[in-house]
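Let's take a walk through this model together, starting at the ligand and moving outward to two helices.

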Amino acid sequence: MRSTAGPQLITHLPIDRSSRAPLYQQIYEGYRRAILAGHLRPGQRIPSTRALAAELGVSRLPVLAAYEQLLNEGYFAGRRGSGTYVNADLVTGRRAGKRTASTSWCDQGIRPFRVSSPALDQFPRSAWARIVARHARAMPPELMGYGDPAGYLPLREQIAEYLRTARAVRCEASHVLVVSSSQAALNICAAALVAPGDTIGIEEPGYPGARFALAGPGAAIAYVPVDDEGIDVEQIGASRAVYVTPAHQYPLGVSMTADRRVALLAWAERADAWIIEDDYDSEYRYVSRPLGALQGMDAHERVVYMGTFSKVLFPALRVAYVVVPPRLWDAFLRAREALDIFSPTLYQLALADFLREGRFARHIRRMRDIYRRRRDALLAGLARHCHGKLVVHNADAGLHVPVWLPDGVSDVEVVRQLERRGLAATALSTCYGGATPRSGLLLGFGGADERTLDRATRTLGDVL
Ligand SMILES: Cc1ncc(COP(=O)(O)O)c(C=O)c1O
């Protein structure tokens, strides 16, 4: 998304020759401020160093130094021969004008370090567009009315087959409920399972979205510590349900050991409680084969299993699913209907074809290599630019790497500083609900290419 207009000279760059600040720094600051304030837009062309030096009446050296720094920090992007631009991946959050809303939403998905963002640039757009267009043109009137609250049956069949083969989930299409997101699935769980005064166990640290949804109906939250084997089952206590991310714990990244899984299932049976398994990004595992779902080990139908297409395809699709234990089906269907009746039919039709034609499986296979390369680039960048300033905790799976920061360093402040530079990390402390939070960062690597990740780690090193 590059502007075709000619480069804009910034005649209002506030250069003060009497200032003690070096010229390169004034030029750098002038551009940085203009970008952050939204006076210069992502994708907008920047004058050549020669043109700017001439306009300002200064030598080219300070201009070159300023441009170099702006390129390194990701404010500028450019290729030899095609000029320099304001980085199109940058979000300033303060853009003026009509385009603000749409461009900032779009940019948010691909800001470096953004957690859980998939590689949107790699999505097979044309194949997808063809399938969507085909259905949009040919949608029969009967599919244009209210759809089945459980979901479009051929899609439920495809999802069930995928989950049986790829995730070892025990299910039939009749157990699969199509919903608009995992977040919607969590709200449905809250409505169907939780009554005021119930206690719900949640991993600590854990996914804040689960905490918000499950506490909604007036439940007390029990924060259950996570160690290197997953949730500490002995500390769950008396709870109506417990929320877990066994394949790839959010945010710490550990995968729950077989012993813990067995203990957790035994706890649920003993306590007459439910397990909510959020399998949000288990398709990507870099050290061994992806682990099967906890749900597949459950002989007593105590697990409510949920997954989403947000990470494997793209978040704006808003399609996710729940595999519901048979005795909970009616309650879940009622709660699903109460929420928004059903999910958009057009995308369900398109998605069913995307899975049936094998495109979904192919996409996942292809993305594994791409994400592995991006993860490796992030780790290499951290080793090169952040050595001694942080400790990588776990990088075996998923689309983000959690790192610890030294005691006394505020992760919220680091995230704020990164945000000013167009980067979108998450502060680990925001994932704690009860215990004293540990300082750390969640660094997403899915949404940015290797070069961008290297530059982003350099900026992170500077900030730290
Ligand atoms: C653990 C976890 N569950 C669920 C989600 C959200 O998925 P959805 O977009 O389907 O609501 C995320 C998103 O980052 C996540 O990290």
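Here is a short tour of the ligand site and two helical positions.

First, some ground rules: this is a predicted model, in which local features need pLDDT of at least 70, side-chain atom pairs count only at pLDDT 80 or more, and totals for chains, interfaces and linings use all residues. Residues are numbered from 1 along each chain as its sequence is written, and side-chain values use heavy atoms, leaving out hydrogens and water.

Start with the ligand, which is surrounded by 13 residues (those with a heavy atom within 4 Å of the ligand). The closest are Ser182, Asp278, Thr308, Ser310 and Arg318. By class, this shell holds four nonpolar, six polar and three charged residues; here Ala, Val, Leu, Ile, Met, Phe, Trp, Tyr, Cys and Pro count as nonpolar, Asp, Glu, Lys and Arg as charged, and the others, Gly among them, as polar.

Now look at the polar contacts (pairs of N or O atoms within 3.5 Å). A side-chain N or O atom of threonine 308 sits 2.7 Å from a ligand oxygen, and one of arginine 318 is 2.8 Å from a ligand oxygen. The protein covers 91% of the 400 Å² of accessible area that the ligand has on its own (Shrake-Rupley method, 1.4 Å probe).

Next, find aspartate 353 in helix H11, residues 345–356 (helices are DSSP runs of H or I, at least four residues, numbered from the N terminus). Why does aspartate 353 count as buried? Because its relative accessible area is 10%, and buried means under 20%, exposed over 50%, and partly exposed in between, with a 1.4 Å probe and protein chains only. Leaving aside neighbours within four places in sequence, aspartate 353 is in contact with Ile131, Arg134 and His135 (heavy atoms within 4.5 Å).

Finally, alanine 166 in helix H6, residues 153–167, is partly exposed at 40% relative accessibility. Its C-alpha atom lies 7.7 Å from that of glycine 292, 126 residues apart along the chain.

Definitions and conventions:
Helices (H or I, at least four residues) and strands (E, at least two) are DSSP runs, numbered from the N terminus. A polar contact is a pair of N or O atoms within 3.5 Å; within protein, one must be able to donate a hydrogen and the other to accept it, and residues adjacent in sequence count only if both atoms are side-chain atoms.
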